[in-house]
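These are my notebook entries on one protein model. I looked up burial, charge pairing, surface patches and backbone geometry in turn.

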Amino acid sequence: MIGAAQQRPCTLVVCRGCCCGDPRKHPGTDHVWQLDRLRAAAAEHGFQVRTTDCLGPCDQANVIVVQPSAAGRRAGGRATWVGFAMDDDCTEELIGWAAAGGPGIAEPPVTLELQFIQPPRDARVRSRR
């Protein structure tokens with residue numbers, strides 16, 4: 001790795017497309033609070049948060065992808081897809097895992113592992129190119 005990629009922190013990619021983050025589809029979830037909480041924790045703990053339009057598995061909304069840091073990738077960590085990421089407990093577990101280093105550096109909480117999902121086929125194909 002060269003340049004800034006050598007220091008890339010763990011990154012949470014938060015889907016906010018057609019279904020994820022939609023209060024009409026999930027009215028009991030405070031989507032704005034979740035994103036604000038993730039961003040505040042990222043500023044405090046040194047990981048990153050990005051949003052994207054649509055990650056694909058809309059039937060498993062909200063979807064968040066936990067990308068490993070550069071060090072985590074060197075240690076064998078790979079992007080981990082988390083589905084149904086809507087409640088406060090899940091948000092806090094994602095924060096704790098990212099703050100601890102994320103994939104390749106820290107083990108995920110066992111309860112969060114229950115929410116791991118397979119990425120859509122086209123995402124797996126793109127990652128092999």
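Entry 1, a core position. I looked up L38 and found it buried, with a relative accessible area of 0%. I took buried as under 20% relative accessible area, exposed as over 50%, and partly exposed as in between, with a 1.4 Å probe and protein chains only. L38 sits in helix 1, residues 31-45. I took helices (H or I, at least four residues) and strands (E, at least two) as DSSP runs, numbered from the N terminus. The C-alpha atoms of L38 and V14 are 9.4 Å apart, with the two positions 24 residues apart along the chain.

Entry 2, provenance. I note that the model is predicted, that local features need pLDDT of at least 70 and side-chain atom pairs pLDDT 80 or more, and that totals for chains, interfaces and linings use all residues. Residues are numbered from 1 along each chain as its sequence is written, and side-chain values use heavy atoms, with hydrogens and water left out.

Entry 3, overall layout. I counted five helices and five strands in the protein chain. Their order along the sequence is β-α-β-β-α-β-α-α-β-α. Of the 129 residues in the chain, 44% are buried.

Entry 4, strands. I placed T11 in strand 1, residues 11-15, and T11 counts as buried at 3% relative accessibility. The side chains of T11 and Q48 share a polar contact of 3.4 Å. For this term I required a pair of N or O atoms within 3.5 Å; within protein, one must be able to donate a hydrogen and the other to accept it, and residues adjacent in sequence count only if both atoms are side-chain atoms. I117 belongs to strand 5, residues 116-117, and is buried at 12%. I117 and V63 are 54 residues apart in sequence, yet their C-alpha atoms are 9.0 Å apart.

Entry 5, salt bridges. I applied the rule of a side-chain nitrogen of Lys or Arg within 4 Å of a carboxyl oxygen of Asp or Glu. How many salt bridges does this rule give? The count is two. R37 pairs with E92, the closest N and O atoms being 2.8 Å apart. Because R37 lies in helix 1 and E92 in helix 3, this pair ties together parts 55 residues apart in sequence. R37 is partly exposed at 25%, and E92 is partly exposed at 34%. The other bridge joins R24 and D22 at 3.4 Å, N to O. In that pair R24 is exposed at 75%, whereas D22 is buried at 12%.

Entry 6, surface charge. I found a negative patch made of D30, D36, D87, D88 and D89, and a positive patch made of R8, R50, R73 and R78. Patch residues have over 30% relative accessible area and no salt bridge, with like charges joined within 9 Å. D88 lies in helix 3, residues 88-99, and is partly exposed at 47%. R50 lies in strand 2, residues 48-52, and is partly exposed at 43%.

Entry 7, backbone exceptions. Most residues other than glycine have a negative phi, and most peptide bonds are trans. I noted that the peptide bond from A61 to N62 is cis, with omega near -5°. N62 is in the loop between strand 2 and strand 3 (64-67). F84 is not a glycine, yet has a positive phi of about 55°. F84 lies in the loop between strand 4 (80-82) and helix 3, and is partly exposed at 43%.

Notes
Patches are made of residues with over 30% relative accessible area and no salt bridge: like charges are joined within 9 Å, nonpolar side chains (Val, Leu, Ile, Met, Phe, Trp, Tyr) within 5 Å. Accessible areas come from the Shrake-Rupley method with a 1.4 Å probe; for residues, only the protein chains shown count as cover. Lys and Arg count as positive and Asp and Glu as negative; His and the chain ends are not counted. The place of a charge is taken as NZ of Lys, CZ of Arg, CG of Asp or CD of Glu.
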